[in-house]
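Hi everyone, thanks for making time this morning. I'd like to walk you through a structure I've been looking at, so have a look at the screen and stop me whenever you like.

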Amino acid sequence: MSGGEAIPDNPPADREPPSELESGRRLRRLPGHGGRHDLIKDGVGWGLTARLAFQSLGVVYGDIGTSPMYLYASTFSDGIKHDDDVLGVLSLILYTLTLIPLVKYGFVVLRATHNGEGGTFALYSLICKHARVGLQGQPTIEDEEDEEDEDQKNEVSKDAREMASRLKSKLEDSQFAKYALLVASMFCAAMVIGDGVLTPCISGVYKLINKASWFPSEEEETVVGISIVILIGLFAAQRLGTERVGSCFAPVMCVWFAINGGIGLYNLLKYDPSVVRALDPRYIVRYFSRNGKEAWISLGGVVLATTGSEAMFADVGHFSVRAVQLSMCVVVYPALVLAYLGQVAFLTKNPHLVADAFFKSIPGTLYWPVFVVAILASVIASQALISGTFSIVQQSHSMGCFPPVTIVHTSSKSPGQIYVPEVNWLLMVACVAVTVGFQTTAGICNAYGMAVVMVMVITTSFLVLIMVMIWKVNLLLVVSFVATIGTTELAYLTSVLYKFPQGGYLPLTFAGVLMLIMYTWSDVQRRRHHYELHHRISPDEDSIGAGATTHQSLSRLPGIAVFHSDGDPAPLHGIPPVFKHYVANIPALHSVVVLVSIRTVHVARVRVEERMTFSRVGPPEMRMYRCVARYGYEDGRRRSGESGHVAFEEMLVKVLMEFVRANAMGLELVEEIEVIQRAWDDGVVHLIGEYEMIAGEGSGFWKRLLVDWGYSLLGKIVWRRSGPRVFDLPCSRTVRVGMTYQL
């Protein structure tokens, strides 16, 4: 990682502490805090890239890698009616596989990562970084400088600059556009999470139901039961972490792709090498001319060749861009092309076997070994969207669009490798419910196709905005991108919408429920943000004292009061409203008051000397300070044999004294140090703000429904995760201060 400006240990008293976004960026530039993405970006660590590419095979590509098992059966559900139909479908598959997974996701979408993370919210946050379209904040000065530098580096043309400026202005001036972008991000994220439910069902169940010949058809319930046991085992393994899971699954997927490529090449040479003529796009035209509406409907089966493409972007945070590109270009794409060519070569001689083309095309002596690997690959196929779901939930929460959840970082080398227990078990329950509810895979395939294509279309829409406004790509290239990839995806979308009654409603139902949760949480959090900004009090003695009751002055109590802010933004710009509420009801303050805001930054560890930054609140005689404490996700917040709160309190007082020594002189320094030392000897009290959100007077029915019922219900479910519980604060020295926000 390149060197850069470090966060000063003791910023001047008149300087505001850096914002959370700014501090995160600065920490990421510090030597020794680099992640995988920085190493790859700087052009070093190719050994690491190769290892990550190998691991990505077991996590990212299981879904798209198992599509050859059922694609032709889904496309030709009524059998092959014309000899050239298989060539028309093969041509569709080859061009779709090249345009969407390889070109769009492999070389275009992966360029649009934000801080090394992928997914819809990464695209949304990237747009918000370069334009004031976010509902909760504005881009920082550093963002604008980055944009300017990018322009100079790429030598952007004047026309591209003007077009980007016009688009940026229109987005910033349109309130509808701001809400549309946020809602589209939520919808796409919800659809990907819905994919996380459907993928294990279709991949883990499909071949067990259709190929387990040792079970008679009337005992299909037994097969479903076995599938459920396998699904439960898969979700139970998630706690091991992406690195371990990927390392275990990657060898299996390597064998699987080798089998697909090898058998495909064998069938191609044995049955009909001339099927490569399907590279001629005229076979697509003839296929549609010959079959009309039936050909259009069959697109719902062809699109299954792209399932799992969105996982390349959603899971990139677990690995790196170059690792995902390397595995795609070297292993996955060539193996899939050979697999599809080989199956069509087999079908030209055996069209009546289209319902089971994959397994019937396996040479007899290899059948059972391939079958065993196929079952393992089918189970592994679920991993891509499960890992992607974890990343998307984390991004949604960081954007204020998802309730608090437990984020477990499973690797010290990559901040993107995470495990979310609550989401994992909820996904498992949903997968089991879908498997039991559908019993067969026909409806699940219809549902899955709709989820995949909708995510692709929304991603393309966001990508066009990024190409024009941020990358400032030539208009001709943008039009070409939309005309080829955009129209292709829209064609597939119209086809899968036709199957809405046959199961396509399922992902929309999932997305609707998730969107309701995300929008409710996001909207109330945004209202809370504005409430705190409008009701904060300025850090001066008169404003602080104004909170006390009339004709009373603030009394000072012995000891240190650590007022936790619950990670709210207000303490970085003023004093939170709950502090005024506390003073108004208890007109007394401890001799030393520290307003603490704890931040978890996107690095493994933060150096001890950079962990806490202080600034003064009010005049020196008030003895009030603001502290921003930054911790990496692997920082140990306690010493061996010591309670977490003890280590935190000792560090807090130590850094506070260092700050005072650097910003005070003479008698003032001596007096202030004595006050702090005496307060430390008297003990520390922790005050935690707790908040209740209610709709304000005169609110309409929908606002009351949203705030008083929806948010209140979510708050009761997740209340145990609110507040700074990371230090196991002692109950005897913890005071909770409740306040009601009338939004």
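Let me begin with a term I'll need in a moment: a salt bridge here is a side-chain nitrogen of Lys or Arg within 4 Å of a carboxyl oxygen of Asp or Glu. The idea behind it will be familiar to you, since side chains of opposite charge can pair when their charged atoms come close. And please keep in mind throughout that this is a predicted model.

With that term in hand, here is a small network: Asp 523, Arg 526 and Arg 527 are linked by salt bridges. Within it, the side chains of Asp 523 and Arg 527 meet at 2.7 Å, N to O. Both residues sit in helix α23, which covers residues 505–535, and they are four residues apart, about one turn of the helix. Is Asp 523 buried or exposed? It counts as buried, because its relative accessibility is 2%. Arg 527, on the other hand, is partly exposed, with a relative accessible area of 28%.

How many salt bridges does a search of the whole structure find? Twelve. I'll pick out two more of them.

One is between the side chains of Asp 85 and Arg 290, at 2.9 Å, N to O. Asp 85 belongs to helix α6 and Arg 290 to helix α13, so this pair ties together parts that are 205 residues apart in sequence. Asp 85 has a relative accessibility of 2% and therefore counts as buried, while Arg 290 is partly exposed at 33%.

The other is Arg 704 with Asp 708, where the closest N and O atoms are 3.8 Å apart. Here both partners lie in helix α28, four residues apart, about one turn of the helix. Arg 704 is partly exposed at 34% relative accessibility, and Asp 708 is partly exposed too, with a relative accessible area of 25%.

Let's stay on α28 for a minute, because Trp 709 is found there as well, in a helix that runs over residues 701–718. Trp 709 counts as exposed, since its relative accessibility is 64% and the cut-off for exposed is over 50%. It has company: Phe 701, Trp 702, Leu 705 and Trp 709 form a nonpolar patch on the surface, with about 580 Å² of accessible area together.

Now, let me step back to the chain. The secondary structure comes to 28 helices and eight strands. Of the 743 residues, 57% are buried. The accessible surface is about 30,200 Å², and 59% of that belongs to carbon and sulfur atoms. If you take contacts between residues at least 6 apart in sequence, 83% of them join residues at least 24 apart.

His 564 gives us a close-up of two positions separated in sequence. It lies in strand β3, residues 555–564, and at 1% relative accessibility it counts as buried. His 564 and Ile 688 are 124 residues apart in sequence, and their C-alpha atoms are 5.2 Å apart in space.

On to how the helices pack. The axes of α6, the helix that holds Asp 85, and α16, residues 321–349, come within 10 Å and cross at roughly 175°. That makes the two helices roughly antiparallel. The contact involves many side chains you can look for on screen, including Leu 90, Leu 94 and Leu 97 of α6 and Tyr 333, Leu 336 and Tyr 340 of α16.

What about α3, residues 46–57, and α12, residues 242–271: at what angle do their axes cross? Roughly 75°, and the axes come within 5 Å. These helices are therefore roughly perpendicular to each other. On the α3 side, the residues that meet α12 are Arg 51, Phe 54, Gln 55 and Leu 57. Among their partners in α12 are Gly 246, Ala 250 and Phe 257.

Last stop, helix α14, residues 293–302. Its buried residues are Ala 295, Ser 298, Leu 299, Gly 300, Gly 301 and Val 302. Which helices do they pack against? They pack against α5, α6, α13 and α22. You'll recognise α6 and α13 from earlier, as the helices that hold Asp 85 and Arg 290.

That's my tour, and I'm happy to rotate the view for anyone.

Notes:
Residues are numbered from 1 along each chain as its sequence is written. This is a predicted model: local features need pLDDT of at least 70, side-chain atom pairs count only at pLDDT 80 or more; totals for chains, interfaces and linings use all residues. Side-chain values use heavy atoms; hydrogens and water are left out. Patches are made of residues with over 30% relative accessible area and no salt bridge: like charges are joined within 9 Å, nonpolar side chains (Val, Leu, Ile, Met, Phe, Trp, Tyr) within 5 Å. Accessible areas come from the Shrake-Rupley method with a 1.4 Å probe; for residues, only the protein chains shown count as cover. Buried means under 20% relative accessible area, exposed over 50%, partly exposed in between (1.4 Å probe, protein chains only). Axes are lines fitted to C-alpha atoms, for helices over the stretch in contact, and angles run from 0 to 180 degrees between N-to-C directions. Angles under 35 degrees count as roughly parallel, over 145 as roughly antiparallel, 65 to 115 as roughly perpendicular and the rest as oblique. Contact means heavy atoms within 4.5 Å.
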